[in-house]
Amino acid sequence: MIGDIRETKECQLKDPMDLFHSGQVVKICAPMVRYSKLAFRTLVRKYSCDLCYTPMIVAADFVRSAKARDSEFTTNKGDRPLIVQFAAKEAQVLCDAARIICPFADGIDLNCGCPQRWAISEGYGACLINKPELVKDMVRHVRSQIDNPKFSVSIKIRIHDDLKRTVDLCQKAEAAGVSWITVHGRRIEERHQPVHYDAIKIIKQSMSIPIVANGDIKTLKDAENVHHLTEADGIMVARGLLANPAMFAGYEETPFQCIQDWVDIALEHGTPFTCFHHHLMYMMERITSKQEKKVFNVLSSTSAVLDYLNDHYGV
């Protein structure tokens, strides 16, 4: 069952492909702009998350600028297994980024799913699902230029109106040596519409590499249901983990211990106040009254937040 709790240390010893071959559903923290940074990855790993992604990083900036590398990517010894997600549109730029990151991570992921206008207008993200030959070329280049055979190369996609095109894209990527594919079961223009889990199942049945299901998974029960619906090898969660970082460990809502852990980890990592506060707002959404939210959400300093948590929850 996906709910089985394994020791975090055991997960950290495994490279990602070992996780996919373990016979258990791989529980994954999605790449989230501003949010899936080192401190939050440290938190979810304490609560049975097997594999974490960084937020999306623009590969060209990362390669060109040491300042971009320092601000966009931080890690530490316990932050494994780790996948670094890049936005790229040129094979060699992606290879250069992969070479820089290789000693510090277990793999890279090419973002072919971001539907934001700026990304698509720059040639990144979801527009790549309409360029299967380019995606194939990028995967193949990284495969040929990274010496470490255990270093994974994955892609994260959205689906087409015509699912045959999505299957074709996935099969081309598989032929180029992609390690696994994460499928967000919505089309580019879809935002809050229901996720097409049936499409993910068809893709899974068409491939021999692992497939990860993504989209609208808010609880461990949702994760189990999506696994049964799609037969996916992994489940990737974004907003569900923001609301409850202990979700994969079977908690229905964020336990107070998890809030305490976040405070400790965030302070230890020197997390900027806005990020520290926003994570707490997400975590406490289900466990605070409207009146409490009104007060808590407008607090403007770390000390004010710490005082509030101590006074109201003994955290």
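**Strand 5 and the cysteines around it**

Okay, let's start in the sheet: strand 5 and strand 6, the latter being residues 152–157, run parallel to each other and pair over 6 bridges. Pairing here takes at least two DSSP bridges between two strands, and the elements are DSSP runs numbered from the N terminus, with helices being H or I of at least four residues and strands being E of at least two. One contact point to look for is Leu 110, whose bridge partner in strand 6 is Ile 155.

Quick word on what you're looking at: this is a predicted model, where local features need pLDDT of at least 70 and side-chain atom pairs count only at pLDDT 80 or more, while totals for chains, interfaces and linings use all residues. Residues are numbered from 1 along each chain as its sequence is written, and side-chain values use heavy atoms, with hydrogens and water left out.

Now the other neighbour. Strand 4, residues 82–87, also pairs with strand 5 in the parallel sense, over 4 bridges. There, Gln 85 has Asp 109 as its bridge partner. Add helix 6, residues 91–101, and strand 4, the helix and strand 5 form a right-handed β-α-β unit. Right-handed means that, with the strands pointing away from you, the path from the first strand over the helix to the second goes clockwise.

So how many residues of strand 5 are buried? For strand 5, residues 107–112, it's 6 of 6, where buried means under 20% relative accessible area, exposed is over 50%, and partly exposed is in between, using a 1.4 Å probe and protein chains only. Gly 107, Asp 109 and Asn 111 are covered on one side, and Ile 108, Leu 110 and Cys 112 on the other.

Moving past the strand, we reach Cys 114, in the loop between strand 5 and helix 7, which is 117–121. An unreviewed UniProt entry lists Cys 114 under "active site"; such annotations may be inferred rather than shown by experiment, feature names are shortened, and positions follow the numbering used here. Cys 114 is buried at 11% relative accessible area. Beyond its neighbours within four places in sequence, Cys 114 contacts Ala 119, Ile 120, Gly 125 and Ala 126, contact being heavy atoms within 4.5 Å.

And how many disulfides does the structure hold? It holds 0, counting cysteine sulfur pairs within 2.5 Å. Take Cys 95: the closest cysteine sulfur, in Cys 102, is 12 Å from its own, too far for a bond. Cys 127 is in no disulfide either, with the sulfur of Cys 112 nearest at 8.7 Å.
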